[in-house]
Amino acid sequence: MNTKKVTYFLGLTFFINWTAAAVFYLMGGEWDQPYAMVFAIGYMFVPMVCAIIVQKSIYKEALRVPLGISWKLNPWWLVAWFLPVVFAIATFGVSLLFPGVSYSPEMAGIMEMLAEFLSPEQLEEMQAQFTYHPFWIALVQSLIAGATINAIPAFGEELGWRGFLLKELAPLGFWKSSLVIGTIWGIWHAPIILMGHNYPGYPVIGVIMMVVWCILLSPMFSYVTIKSRSVIPAATMHGTLNASYGLSIMLIEGGGVLTVGITGLAGFIALLIINFFIYFGDSSLREENMELNQQMS
């Protein structure tokens, strides 16, 4: 492992992202405003830019093969595309086991939130326009957006985390590298979590929750990257994950941001189950670092 190379990448990435976040905050930026989305998209592209700078400009090495940029299709592309939807639905199921959370086919929880912004007439008109249940519409939209518009900024992150960093940390082996990448990935989110992203109203606890969530999520992303031999499916997975959040909370009533949803406790439990299947379903990932290096080459 080239520790110096990894340090360059992380130092540059964190410096640019955290400095940008500080400037955004000091200039009066608020996370609940539409322009925050523009900032968030730009934030996601920084790991990609820094990986390219370190790989190409500093170390004069190739980009495409070492960083896993390959368009060679295989079944793992479909796994990457559909697994986030499975994760969201599993999270929905886990949420129903929590006290105070109940199944609501009428989407009472979401309708209650929308009632703060829409009049009763507007809500009724919106519901009347649905030919199919909104859940199925949202599911199709999640898959389409995840593989298209959402995958573009997601690629910005994934080329850094699963393209550059996973390759550099391969000597640690699958599970240790996933732990390290997940921890870094979670801490990287800290400034925007403190400003209200993902866990509004819980800035400090939210940072801790995000780090834990990224640690639990990291093996799934690394696994798909290794099996597909490409970082592009990871970008599709990331984009679909972001698009399918609503699927995990759409049909429930009750609970809060720390308990339900893919980034809540219910999501943590669903990820533990997925990681259980990865761990016991593929023993090759428990081998020494050479095996991981061979799979990533």
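Helices, at least four residues long, and strands, at least two, are DSSP runs numbered from the N terminus. The exercises below use this numbering on a predicted model.

**Exercise 1. Find the place of Gly 29 and decide whether Gly 29 is buried or exposed.**

Step 1. Helix α1 covers 3–26 and helix α2 covers 35–58; Gly 29 sits in the loop between these two helices.
Step 2. Buried means under 20% relative accessible area.
Step 3. The relative accessibility of Gly 29 is 15%, so Gly 29 counts as buried.
Step 4. Leaving out residues up to four places away in sequence, Gly 29 touches Phe 24 and Tyr 35.
Step 5. Phe 39 is ten residues from Gly 29 in sequence, and their C-alpha atoms are 9.5 Å apart.

**Exercise 2. State what is unusual about phi at Asn 198 and at Arg 229, given that neither is a glycine.**

Step 1. Most residues other than glycine have a negative phi.
Step 2. Asn 198 has a positive phi of about 70°, and Arg 229 has a positive phi of about 55°.
Step 3. Asn 198 belongs to the loop between α9 (190–194) and α10, while Arg 229 belongs to the loop between α10 and α11 (232–243).
Step 4. The cut-offs are under 20% for buried and over 50% for exposed. Asn 198 has a relative accessible area of 25%, so Asn 198 is partly exposed.

**Exercise 3. Describe the largest nonpolar core and say which helix gives the largest share of its residues.**

Step 1. The largest nonpolar core has 80 residues.
Step 2. Those with the most contacts inside this core are Phe 9, Phe 87, Trp 161, Leu 165, Trp 213 and Leu 217.
Step 3. Helix α10 (residues 203–228) supplies the largest share of the core, twelve residues.
Step 4. Take Phe 9 as an example. Apart from neighbours within four places in sequence, its contacts include Pro 47, Val 54, Trp 161 and Leu 165.

**Exercise 4. Compare the radius of gyration of the chain with that of a compact globule, and describe the chain as a whole.**

Step 1. For 297 residues, a compact globule would have a radius of gyration near 19 Å; the chain has 20 Å, which agrees.
Step 2. The C-alpha trace spans about 60 × 50 × 35 Å along its principal axes.
Step 3. The chain contains 13 helices and two strands, and buried residues make up 48% of its 297 residues.
Step 4. Of the contacts with a separation of 6 or more, 78% join residues 24 or more positions apart.
Step 5. The accessible surface is about 14500 Å², and carbon and sulfur atoms account for 70% of this area.

Methods: Residues numbered from 1 in each chain as written. Predicted model: local features only at pLDDT ≥ 70, side-chain atom pairs only at ≥ 80, totals over all residues. Heavy atoms only, no water. Core = buried A, V, L, I, M, F, W, Y, C linked by side-chain atoms within 4.5 Å. Buried < 20%, exposed > 50% of the residue type's maximum accessible area, 1.4 Å probe, protein only. Contact = heavy atoms within 4.5 Å. Rg over C-alpha atoms; globule rule 2.2 N^0.38 Å. Areas by Shrake-Rupley, 256 points an atom, 1.4 Å probe, with all protein chains shown as cover.
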